[in-house]
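Subject: Handover of a structure and notes on it

Dear colleague,

I am passing the structure below on to you, together with an account of what was found in it. Please read the notes with the coordinates open beside them.

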Amino acid sequence: MIQIEKIIDEGLMSFYLKKYEIKSLFDTDISSFLEIHKFKKGESISVTDEPVEFFYFQVEGKSKVFKLLKNGKSLLMKFFNPLEIIGEIELIQNITANSNITATSECVMIGIEMKKLKELTENDITFLKFLNKHLVVKLKEFSLSSSINLLYPLENRLASYILATSSRDDSNKKFVDGINTNKLTEMADLLGTSYRHLNRTLKGLQDKGLVKKEKSSIIIINKDELENLAADLYE
């Protein structure tokens, strides 16, 4: 069950609409139908095979997209950063969610009900052009993401995952929150590897002085070298 926290703040809404020029994506004025939704870290934004009630513009935070496989495991596809749109495939094909999307940090979304969006944009040429252009880009990105698990060693993928899921204090550019080591099994599934192989690879990163285990977390020690190893694979 997806939990939605609604925020009523006209000033904040105006800020996001102006910052990302969202109104310019439509011929129709949809502003009165938009809502601000907030998702806490770890909360689901989209769940595979469940109805998609809202079309979203992700305006703050980071989320991860992953697929559920037939063997019951999950496979990481990509991380979403602002400005990202969520729900375009479901809008066009009129289907339930085709992937899982979870907030990896606090996320803020500008949302509009799917039914209302379909009604308002059926003949909206500007929005339809934007949607088509965005879909082409996203399909290319997902095609690349699908090949990452085949083309890149686990060391590179793990480095990218650690960087993408570690919280950062932008005021001092330091990483302030590590990855919970109690979830290594889940991480192994997402990266398409075994728990044992993940542990060996993680130890290799520690031996190189890039990360360290501190209590129950993985902490970044050498951000620059970790970024060189990661090569923005999941970004």
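Helices here are DSSP runs of H or I with at least four residues, and they are numbered from the N terminus. In that sense L205 lies in helix α7, and I return to L205 below, once the overall picture is in place. Please keep in mind throughout that the model is a predicted one.

The chain as a whole

The secondary structure of the protein chain amounts to eight helices and 14 strands. Of the 235 residues in the protein chain, 44% are buried, and the area that the chain exposes is about 12900 Å², of which carbon and sulfur atoms supply 50%. If one takes the contacts in the protein chain between residues at least 6 apart in sequence, 73% of them join residues at least 24 apart.

Helix α5 and its two partners

The part of the model that I looked at in most detail concerns helix α5, which covers residues 154-165, and its packing against α7 and α8. The axes of α5 and α8, the latter formed by residues 223-230, come within 7 Å and cross at roughly 125 degrees. Because angles over 115 degrees and up to 145 fall in neither the perpendicular nor the antiparallel class, that crossing makes α5 oblique to α8. The crossing of these two helices is left-handed. On the α5 side the contact is made by E155, N156, A159, S160, I162 and L163, which meet K223, L226, E227, L229 and A230 of α8; sorted by class, the residues of this contact are six nonpolar, two polar and three charged.

The packing of α5 with α7, a helix that spans residues 195-207, has an angle of about 75 degrees, and the two axes are 10 Å apart. As angles from 65 to 115 degrees count as roughly perpendicular, α5 and α7 are therefore roughly perpendicular to each other. Here L154, E155, L158 and I162 of α5 meet H197, L198, T201, L202 and L205 of α7, and the contact of α5 with α7 comprises six nonpolar residues, two polar ones and one charged one. E155 and I162 are named in the contact with α8 and also in the contact with α7.

Individual residues in these helices

To come back to L205, what does it touch, not counting residues up to four places away in sequence? L205 touches E155, L158 and I162, and also L210, V211, L226 and L229. With 0% relative accessibility L205 counts as buried, since the class takes in values under 20%. The C-alpha atoms of L205 and I220 are separated by 9.9 Å, with their positions 15 residues apart along the chain.

Y195, in the same helix α7, is partly exposed, with a relative accessible area of 44%. Leaving aside neighbours within four places in sequence, Y195 is in contact with L184, T185 and A188, and the C-alpha atoms of Y195 and L184, 11 residues apart along the chain, are separated by 7.0 Å. In helix α8, E227 is likewise partly exposed, with a relative accessible area of 34%, and the C-alpha atom of E227 is separated by 9.8 Å from that of I162, a residue 65 places away along the chain.

Points to inspect in the backbone and elsewhere

Which peptide bond is cis? The bond from P82 to L83 is, with omega near -15 degrees, and L83 is placed in the loop between β6 (74-80) and β7 (84-86).

Two residues other than glycine have a positive phi. E21, in the loop between α1 and β2 (35-39), has phi near 50 degrees and is exposed, with a relative accessible area of 55%. N94, in the loop between α2 (88-93) and β8 (100-103), has phi near 55 degrees and counts as exposed at 60% relative accessibility.

Finally, S14 has its place in helix α1, residues 10-19, and counts as partly exposed at 47% relative accessibility. S14 and S31, 17 residues apart in sequence, are 9.4 Å apart in space from C-alpha to C-alpha.

With best wishes

Key: Residues numbered from 1 in each chain as written. Predicted model: local features only at pLDDT ≥ 70, side-chain atom pairs only at ≥ 80, totals over all residues. Heavy atoms only, no water. Axes fitted to C-alpha atoms, helices over the stretch in contact; angles between N-to-C directions. Parallel < 35°, antiparallel > 145°, perpendicular 65-115°, else oblique. Left-handed = near helix turned anticlockwise from the far one by under 90°. Contact = heavy atoms within 4.5 Å. Nonpolar A, V, L, I, M, F, W, Y, C, P; charged D, E, K, R; others polar. Buried < 20%, exposed > 50% of the residue type's maximum accessible area, 1.4 Å probe, protein only. Areas by Shrake-Rupley, 256 points an atom, 1.4 Å probe, with all protein chains shown as cover.
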